[in-house]
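Here is a walk through one protein model and the ligand it holds. Keep the structure in view as you read.

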Amino acid sequence: MKEKWEQREALKKTLLVLLALFFFVFVLWAQNDQPPAKAPAPEAKASPADSARVNPVKPTQESLNKGKKTYVIDCAMCHGDKGDGKGDMASDMKNVTDFTNPDALKNRTDGDLFYTIRHGKGDMPPEGDRAKDDEIWNLVNYVRAFAKK
Ligand code: HEC
């Protein structure tokens with residue numbers, strides 16, 4: 001009889017220890033789950049100097065052809081072959097810029113567009129170091145041309 005009682009007490013103790021352990025793990029997990037304080041990404045926005053940058057590449061047919069080459073590979077899946085913002089990946093995103101709308105880029109300088117393409121914006125990934133400056137300027141020219149067609 002006494003043996004049984006001892007067994008039961010041991011079981012209770014084990015359960016209590018387990019419970020405490022669960023609680024402890026839960027507290028740790030809950031702490032981890034809190035969103036980390038997010039510092040704004042450095043240079044998330046174009047500085048006045050970035051905006052003021054002048055496009056050194058004239059929108060010649062050659063520039064547009066080069067821009068198109070990169071665009072088809074890196075941009076069309078979101079912005080669409082026609083620049084209307086309806087690429088295959090666009091359905092997951094709310095606000096892919098429609099380049100065929102003349103108002104879309106009206107208030108943007110070439111420097112702004114350069115900055116967005118280089119650094120990304122919202123859901124748009126950055127070109128980063130993949131592209132040389134001239135390639136990005138070609139893209140700026142190509143993207144602007146959609147509204148003129
Ligand atoms: C993964 C989808 C995606 C890809 C790939 C992508 N974009 Fe975008 N792009 C977006 C979205 C979304 C926006 C709107 C961003 C915002 O305003 O928050 C945008 C905005 C822009 C704008 C407008 C910027 C402004 O200042 O309003 C330009 C120009 C642009 N993209 C060019 C490009 C070019 C050029 C490429 C290829 C090198 C490209 N994008 C690739 C999703 C994409």
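Is Cys-75 buried or exposed? Cys-75 is buried, with a relative accessible area of 15%. This is a predicted model, and every value here is computed from it. Cys-78 is buried as well, at 12%. The limit that matters here is 20%: a residue under it counts as buried. Do the cysteines form a disulfide? The count of disulfides comes to 0. A disulfide is a covalent bond between the sulfur atoms of two cysteines. Both cysteines also belong to the ligand's surroundings: Cys-75 and Cys-78 are among its closest residues.

Turn now to the ligand. It is surrounded by 23 residues. The closest are Cys-75, Cys-78, His-79, Arg-108 and Met-124. Two of these reach the iron atom of the ligand. Its protein donors are His-79, through NE2, and Met-124, through SD. They lie 2.0 to 2.1 Å from the iron. What is the geometry of the site of the iron atom? The site is octahedral, with 6 donor atoms and angles of 83 to 178° among them.

Where do the two protein donors sit in the chain? His-79 lies in helix H4, residues 76-79. Met-124 lies in the loop between helix H5 (110-119) and helix H6 (133-145). The two are 45 residues apart in sequence, so the pair ties together distant stretches of the chain. Their exposure can be set side by side. His-79 is buried, at a relative accessible area of 10%. Met-124 is partly exposed, at 26%.

Polar side chains also meet the ligand. In Arg-108, a side-chain N or O atom is 2.5 Å from an oxygen atom of the ligand. Thr-116 places a polar side-chain atom 3.3 Å from a ligand oxygen. For Lys-121, the distance from a side-chain N or O atom to an oxygen of the ligand is 3.4 Å.

Thr-116 leads on to helix H5, where it is one of the buried residues. How many of the residues of H5 are buried? The number is 8 of 10, and the helix is mostly covered. Gly-111, Asp-112, Leu-113, Phe-114, Tyr-115, Thr-116, Ile-117 and Arg-118 are the buried ones. Their cover includes H2 and H6. After H5 comes Gly-120, with a positive phi near 80°.

Look at the H2 side of that cover. Asp-50 is found in helix H2, residues 48-51. Asp-50 is buried, with a relative accessible area of 18%. Which residues does Asp-50 contact, leaving aside neighbours within four places in sequence? They are Gly-111, Asp-112 and Tyr-115. Each of these three appears among the buried residues of H5.

Next, take Arg-118, which lies in H5. Arg-118 is buried too, at 14% relative accessible area. Neighbours within four places in sequence aside, Arg-118 is in contact with Pro-126, Glu-127, Gly-128, Asp-129, Ala-131, Lys-132, Asp-133 and Ile-136. Helix H6 spans residues 133-145.

Stay with H6 for two more residues. Asn-138 has its place in this helix. At 7% relative accessibility, Asn-138 counts as buried. Asn-138 touches Val-57, Ser-63, Lys-66 and Gly-67, not counting residues up to four places away in sequence. Val-143 is in H6 as well. Val-143 is buried, at 8% relative accessibility. Its contacts, with neighbours within four places set aside, are Tyr-71, Phe-99 and Leu-105. Val-143 and Phe-99 are 44 residues apart along the chain, yet their C-alpha atoms are separated by 6.5 Å.

End at helix H3, residues 61-74, where Val-72 is found. Is Val-72 buried or partly exposed? Val-72 counts as partly exposed, at 46% relative accessibility. Two distances help to place Val-72. From Val-72 to Lys-82 there are 10 residues in sequence and 10.0 Å in space, C-alpha to C-alpha. Asp-50 and Val-72 are 22 residues apart along the chain, and their C-alpha atoms are separated by 26 Å.

Definitions and conventions:
Residues are numbered from 1 along each chain as its sequence is written. This is a predicted model: local features need pLDDT of at least 70, side-chain atom pairs count only at pLDDT 80 or more; totals for chains, interfaces and linings use all residues. Side-chain values use heavy atoms; hydrogens and water are left out. Donors are N, O and S atoms within 2.8 Å of the metal (3.2 Å for Na, K and Ca); water is not among the atoms, so sites may look incomplete. Four donors count as tetrahedral if all angles lie between 85 and 135 degrees; four count as square planar and six as octahedral if opposite donors are over 155 degrees apart and all others between 65 and 115; anything else is irregular. Helices (H or I, at least four residues) and strands (E, at least two) are DSSP runs, numbered from the N terminus. Buried means under 20% relative accessible area, exposed over 50%, partly exposed in between (1.4 Å probe, protein chains only). A disulfide is a pair of cysteine sulfur atoms within 2.5 Å. A residue is near a molecule or strand if one of its heavy atoms lies within 4 Å of it. A polar contact is a pair of N or O atoms within 3.5 Å; within protein, one must be able to donate a hydrogen and the other to accept it, and residues adjacent in sequence count only if both atoms are side-chain atoms. Contact means heavy atoms within 4.5 Å.
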